[in-house]
Amino acid sequence: MAVREIIEIPDERLRIKCAPVTDFAAVQTLIDDLIETMYSTDTGIGLAAPQIAETKAIMVIDISEERNQPMVFINPEIIESEGETSYQEGCLSVPDVYADVPRFQRVKVKAFDRDGNEFIVDSDEFLAIVMQHEIDHLNGKVFIDHLSTLKRNMLLKKLKKQQRLKQQ
């Protein structure tokens, strides 16, 4: 297991649609790295493989208070959705930027666990928002893509300024 570097916008690797996993045994170390990297952050409650420059359809989520209940989703897909909601989101790949993002209120997600067993999660709570956010990453999207062009450009400008200040 290793803590991996989390890549940030505007890195083009965040825009790649991930390939489905077919060999579950081959991705065990990657899953461990995703979990360890997520836990290494102060605020991370979810992490998708493209955020550590991997193009496999894998994401991990832990919304537990203790941060000790990681959920692994391989090849996740939303199979049902309904309603509308909005939630202020942030992202480890878009640091220190937060915005209200429109999402489905309820989603049903089908995925595989790390052993290749299929499962379904049906949620209309915070987990639904997090699953949608992480699935977006697997499809080459980040949360700011759901915003108006004006709002997105303002946030990107703020992020570029922050990145320049970090480099000084």
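Q: How much area does the protein expose, and what share of it do carbon and sulfur atoms supply?
A: Happy to start with the surface; keep in mind that this is a predicted model. The protein exposes about 9000 Å². Of that area, the share supplied by carbon and sulfur atoms is 48%.

Q: In what pattern do the helices and strands follow one another along the sequence?
A: There are three helices and seven strands to place. Reading along the sequence, the order of the protein is α-β-β-β-β-β-β-β-α-α.

Q: Why can the protein be called as compact as a globular protein of its length?
A: Let's begin with the fold itself, which has three helices and seven strands. For 168 residues the globule rule gives 15 Å, and the radius of gyration is close to that, so the protein is as compact as a globular protein of that length; its radius of gyration is 15 Å.

Q: What percentage of the contacts with a separation of 6 or more comes from residues 24 or more positions apart?
A: Some background on the interior helps here: buried residues make up 43% of the 168 residues. Turning to contacts with a separation of 6 or more, residues 24 or more positions apart account for 65%.

Q: How far apart are the centres of the positive and negative side chains?
A: The two sets consist of 20 positive and 29 negative side chains. For scale, the C-alpha trace spans about 45 × 40 × 30 Å along its principal axes. The centres of the two sets are separated by 10 Å.

Q: What distance separates the end C-alpha atoms of helix H1?
A: Helix H1 covers residues 28-39, which is 12 residues. At 1.5 Å a residue, H1 should span 16 Å. The distance between its end C-alpha atoms agrees with that: 17 Å.

Q: Which strands do the buried residues of H1 pack against?
A: The buried residues in question are Leu30, Ile31, Asp33, Leu34, Ile35, Thr37 and Met38. Their packing partners are strand E1 (46-48), strand E2 (58-61) and strand E3 (71-82).

Q: Which residues is Thr37 in contact with, leaving aside its neighbours within four places in sequence?
A: Thr37 lies in helix H1. Its relative accessible area is 0%, under the 20% cut-off, so Thr37 is buried. Leaving aside those neighbours, the contacts of Thr37 are Ala2, Val3, Arg4, Ile6, Leu47 and Ile52.

Q: What separation do the C-alpha atoms of His137 and Ala48 have?
A: His137 belongs to helix H2 (residues 126-138), and with a relative accessible area of 1% His137 is buried. Leaving aside neighbours within four places in sequence, its contacts include Leu14, Cys91 and Ala48. Although His137 and Ala48 are 89 residues apart along the chain, their C-alpha atoms are separated by 6.3 Å.

Q: Which peptide bond is cis, with omega near 15°?
A: Look in the segment before H1, where Pro10 is found. The cis bond is the one from Ile9 to Pro10.

Q: Is Asn75 buried or exposed?
A: Asn75 lies in strand E3 and has a positive phi of about 55° although it is not a glycine. Its relative accessibility is 17%, and the cut-off for burial is under 20%, so Asn75 counts as buried.

Q: What is the relative accessible area of Asp96?
A: Asp96 is in strand E5 (residues 94-103). Its phi is positive, about 60°, although Asp96 is not a glycine. Asp96 is partly exposed, with a relative accessible area of 49%.

Terms used
Residues are numbered from 1 along each chain as its sequence is written. This is a predicted model: local features need pLDDT of at least 70, side-chain atom pairs count only at pLDDT 80 or more; totals for chains, interfaces and linings use all residues. Side-chain values use heavy atoms; hydrogens and water are left out. Helices (H or I, at least four residues) and strands (E, at least two) are DSSP runs, numbered from the N terminus. The radius of gyration is taken over C-alpha atoms; the globule rule is 2.2 Å times the number of residues to the power 0.38. Buried means under 20% relative accessible area, exposed over 50%, partly exposed in between (1.4 Å probe, protein chains only). Contact means heavy atoms within 4.5 Å. Accessible areas come from the Shrake-Rupley method with a 1.4 Å probe; for residues, only the protein chains shown count as cover. Lys and Arg count as positive and Asp and Glu as negative; His and the chain ends are not counted. The place of a charge is taken as NZ of Lys, CZ of Arg, CG of Asp or CD of Glu. The expected span of a helix is 1.5 Å times one less than its number of residues.
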